[in-house]
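Okay, thanks for coming, everyone. I'd like to walk you through one chain today, starting with the overall picture and then zooming in on a single helix. Let's put it up.

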Amino acid sequence: MKIAIMGGTFDPIHMGHLVTAEAVRHEFKIDEVLFVPTGNPPHKAGMGITPAEQRYLMTVLATAANAHFNVSRIEIDRKGTTYTIDTIKELRTLYGPDTQLYFITGADAVHEILTWKNSEELLQMCTFVAVTRPGYKKQQLITHIDELRSQYHSSIKFLEVPALAISSSDIRARVKNEAPIKYLVTSAVENYIYKHKLYTHPVSLNKGLITKMS
Ligand code: ATP
Ligand code: MG
C-alpha cells in the first residue's frame with residue numbers, strides 16, 4: 001500500500017490542492033491520498049483561521065467524488081498544537097510497517113521543512129514529494145532538495161504539476177471583495193462558503209465564526 005498525505009490549513013481547499021494531489025497519485029501510483037486539515041497550525045497562530053470543523057467539512061465536500069481521496073480528522077481532533085511529526089508517527093502506527101508513506105509539500109513548504117519539529121526524524125520517516133507552485137524558483141528548489149537529500153539521506157521526489165496560480169489567501173480576499181471564486185474551488189465548497197458567510201468580515205467582527213489563536 002502507498003498512502004500520500006496532503007497536509008494543509010485548507011482555508012479553503014482549492015483546485016490547486018486537488019490537481020496536485022491527483023498528479024501525485026498518478027505519478028507515484030498511490031492507493032490513497034489522505035488530506036489532513038491542520039488543527040491549530042503554529043505558524044498561523046493568531047492570524048484568525050476558520051474553525052477546524054468547517055475547514056474539515058469543506059475538505060470532505062471537495063474530495064468526496066474521488067474514490068482515492070480521503071480526509072483524516074487526526075490533527076483536528078488532537079488537543080494542543082499540531083506537529084507533522086506526531087501525525088506521521090500516528091499514521092505509521094495506524095497503517096503498519098508495510099505501508100509506504102508519502103508526504104506532499106508545495107515548493108513553499110519545502111524551504112521551511114528544517115524549521116519543523118524533529119525535521120530530521122521526519123525526513124527519515126516518509127518519502128517527501130515536493131511539488132511546484134506558481135512563483136517558485138525551480139533552480140532554488142532543486143538545489144534545496146539536493147541539500148536535504150545529501151545531508152539527511154532522505155528520500156525527496158520532485159514533481160512539476162500544472163501551475164495553478166491559486167491560493168487560499170487569494171480566495172479569502174476575493175470573497176471579501178465580492179469577486180468570483182467559481183472554478184477556483186469546487187462548486188460544493190463555493191456554496192458552503194457563501195452559505196456560512198465565510199471570509200466576509202474582518203476577524204475581529206467575526207468572533208462566532210473565526211477562532212483567534214493568540
Ligand atoms: P494560504 O494562502 O492561506 O497559505 P494555501 O493556498 O497555501 O493557503 P495551504 O493550506 O497553506 O494552502 O497549503 C497546503 C499545501 O498545499 C502546502 O503544501 C502548499 O504548498 C500546497 N499548495 C497550496 N496551493 C497550491 C497550488 N496552487 N499548487 C500546488 N500546491 C499548492
Ligand atoms: Mg500556504
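So, the chain has 214 residues, and a compact globule with that many would have a radius of gyration near 17 Å; this chain has 17 Å, so the two agree. Keep in mind that this is a predicted model. If you box up the C-alpha atoms along the principal axes, you get roughly 50 × 35 × 35 Å.

What's in there? Eight helices and six strands. Reading from the N terminus, the order goes β-α-β-α-β-α-β-α-α-β-α-β-α-α.

Now, how much of the chain is buried? That would be 36% of the 214 residues. And if you take the contacts with a separation of 6 or more, 78% of them are between residues 24 or more positions apart.

Right, let's zoom in on helix H3. H3 runs over residues 84-95, so to speak, with 12 residues in it. From first C-alpha to last it reaches 16 Å, close to the 16 Å expected at 1.5 Å a residue.

Which residues of H3 are buried? Thr84, Thr87, Ile88 and Leu91. They sit on the same side of H3, because they cover an arc of only 95° around the axis.

And what covers those buried residues? The cover includes three strands you can pick out on screen, E1 (2-8), E2 (32-37) and E4 (100-106), along with helix H5 (119-125).

One last detail: just after H3 comes glycine 96, with a positive phi of about 85°. That's my tour, thanks.

Conventions. Residues numbered from 1 in each chain as written. Chains lettered and ligands numbered in written order. Predicted model: local features only at pLDDT ≥ 70, side-chain atom pairs only at ≥ 80, totals over all residues. Helix = DSSP H or I, 4+ residues; strand = E, 2+ residues; numbered from the N terminus. Rg over C-alpha atoms; globule rule 2.2 N^0.38 Å. Buried ≥ 20, exposed ≤ 12 C-beta atoms within 10 Å, placed from the backbone. Contact = placed C-beta atoms within 7 Å. Expected span 1.5 Å × (residues − 1). Arc of directions from axis to C-beta.
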